[in-house]
Amino acid sequence: QVQLVDSGGGLVQPGGSLKLSCAASGSLFSSYDVGWYRQAPGKQRELVAIITRYGGTKYADSVKGRFTVSRDNAEKSVYLQMNSLKPEDTANYYCTARGTKTYWGQGTQVSVSS
């Protein structure tokens, strides 16, 4: 069983930066693929970035070059550094951990607006 707590969202102007954090409880965090999805109003939840248990990464095309996902297994945490934010990045961002089961955080709202 894994519990995830997302944090770090907020309101930022276009071109700004935010760093999301996700703290996990439970064991075997290092054995999970972890990362972030987002869901904007009226849209389906979509992949933002994943970092595997081996350290490989995958990004949505829309965030490549702007977002960086990282993990700290000792701290049982996963992060999302978001730079050059755009209004279309506005969404609720959810941390996820995937193993034999998939776990979700409660979400943290990111709003990009001038």
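Over the ring of which residue does the charged end of Arg45 sit? Before selecting anything, bear in mind that this is a predicted model, and that every stop on the tour should be read in that light.

**First stop: Arg45 and Trp104**

Select Arg45 and Trp104 together, and you will find the charged end of Arg45 over the ring of Trp104, at 4.6 Å from the centre of that ring. Trp104 is partly exposed, with a relative accessible area of 36%. Keep Trp104 displayed, since its ring also belongs to the next stop.

**Second stop: the aromatic pairs**

A search of the whole structure turns up two aromatic pairs. For one of them, select Tyr32 and Tyr103, whose rings stand edge-to-face, with 6.1 Å from centre to centre and 75° between the planes. Because Tyr32 belongs to the loop between β3 (18-25) and β4, while Tyr103 belongs to strand β10 (residues 102-104), this pair ties together parts that are 71 residues apart in sequence. Both Tyr32 and Tyr103 are buried.

Now add Tyr37 to Trp104: the ring centres of Tyr37 and Trp104 are 5.2 Å apart and their planes lie at 75°, so this pair, too, is edge-to-face. Tyr37 is in strand β4 and Trp104 in strand β10, so the contact between their rings ties together parts that are 67 residues apart in sequence. Is Tyr37 buried or exposed? With a relative accessible area of 16%, Tyr37 is buried, whereas Trp104, at 36%, is partly exposed.

**Third stop: Lys19 and Tyr79**

To see another charge placed over a ring, select Lys19 and Tyr79, where Lys19 lies over the face of Tyr79, 4.8 Å from the ring centre.

**Fourth stop: Arg38 and its surroundings**

Return to strand β4 (residues 33-39) and select Arg38, which is found in that strand. Arg38 has a relative accessibility of 6%, and therefore counts as buried. Which side chains does the side chain of Arg38 reach through polar contacts? One is the side chain of Ser62, at 3.4 Å, and another is the side chain of Tyr93, at 2.9 Å. If you display the residues around Arg38, leaving aside neighbours within four places in sequence, the contacts include Gln44, Arg45, Glu46, Val48, Phe67, Glu88, Asp89 and Asn92. Arg45, from the opening stop, is thus among the contacts of Arg38.

**Fifth stop: the salt bridges**

Side chains of opposite charge can pair when their charged atoms come close. The structure has five salt bridges by count, and several of them are worth selecting in turn.

Begin with Asp33 and Arg53, which form a salt bridge whose closest N and O atoms are 3.4 Å apart. Asp33 lies in strand β4 and Arg53 in the loop between β5 (46-51) and β6 (57-59), so this bridge ties together parts that are 20 residues apart in sequence. Asp33, at 14% relative accessibility, counts as buried, while Arg53, at 38%, counts as partly exposed.

Move next to Asp61 and Lys64, where a salt bridge brings the closest N and O atoms to 3.1 Å. Asp61 is exposed, with a relative accessible area of 63%.

Then select Asp89 and Arg66, whose side chains meet in a salt bridge of 2.8 Å, N to O. This pair links distant parts of the chain, 23 residues apart, with Asp89 in the loop between β8 (77-82) and β9 (91-98), and Arg66 in the loop between β6 and β7 (67-72). Asp89 counts as buried at 1% relative accessibility, and Arg66 likewise counts as buried at 10%. Extend the selection to Arg38 and Glu46, and you have one network in which salt bridges that share partners join Arg38, Glu46, Arg66 and Asp89.

**Last stop: the disulfide**

The structure holds one disulfide, so finish by selecting Cys22 and Cys95, which it joins with an S to S distance of 2.1 Å. Why is this disulfide called left-handed? The torsion about the S-S bond of Cys22 and Cys95 is about -80°, and the disulfide is therefore left-handed. Because Cys22 lies in strand β3 and Cys95 in strand β9, the disulfide ties together parts that are 73 residues apart in sequence. Both cysteines, Cys22 and Cys95, are buried.

Definitions and conventions
Residues are numbered from 1 along each chain as its sequence is written. This is a predicted model: local features need pLDDT of at least 70, side-chain atom pairs count only at pLDDT 80 or more; totals for chains, interfaces and linings use all residues. Side-chain values use heavy atoms; hydrogens and water are left out. Helices (H or I, at least four residues) and strands (E, at least two) are DSSP runs, numbered from the N terminus. Buried means under 20% relative accessible area, exposed over 50%, partly exposed in between (1.4 Å probe, protein chains only). A polar contact is a pair of N or O atoms within 3.5 Å; within protein, one must be able to donate a hydrogen and the other to accept it, and residues adjacent in sequence count only if both atoms are side-chain atoms. Contact means heavy atoms within 4.5 Å. Rings of Phe, Tyr and Trp (its six-membered ring) pair if their centres lie within 6.5 Å; planes under 30 degrees apart count as stacked, over 60 as edge-to-face and the rest as tilted. A charge sits over a ring if NZ of Lys or CZ of Arg is within 6 Å of the ring centre and within 35 degrees of the ring normal. A salt bridge is a side-chain nitrogen of Lys or Arg within 4 Å of a carboxyl oxygen of Asp or Glu. A disulfide is a pair of cysteine sulfur atoms within 2.5 Å.
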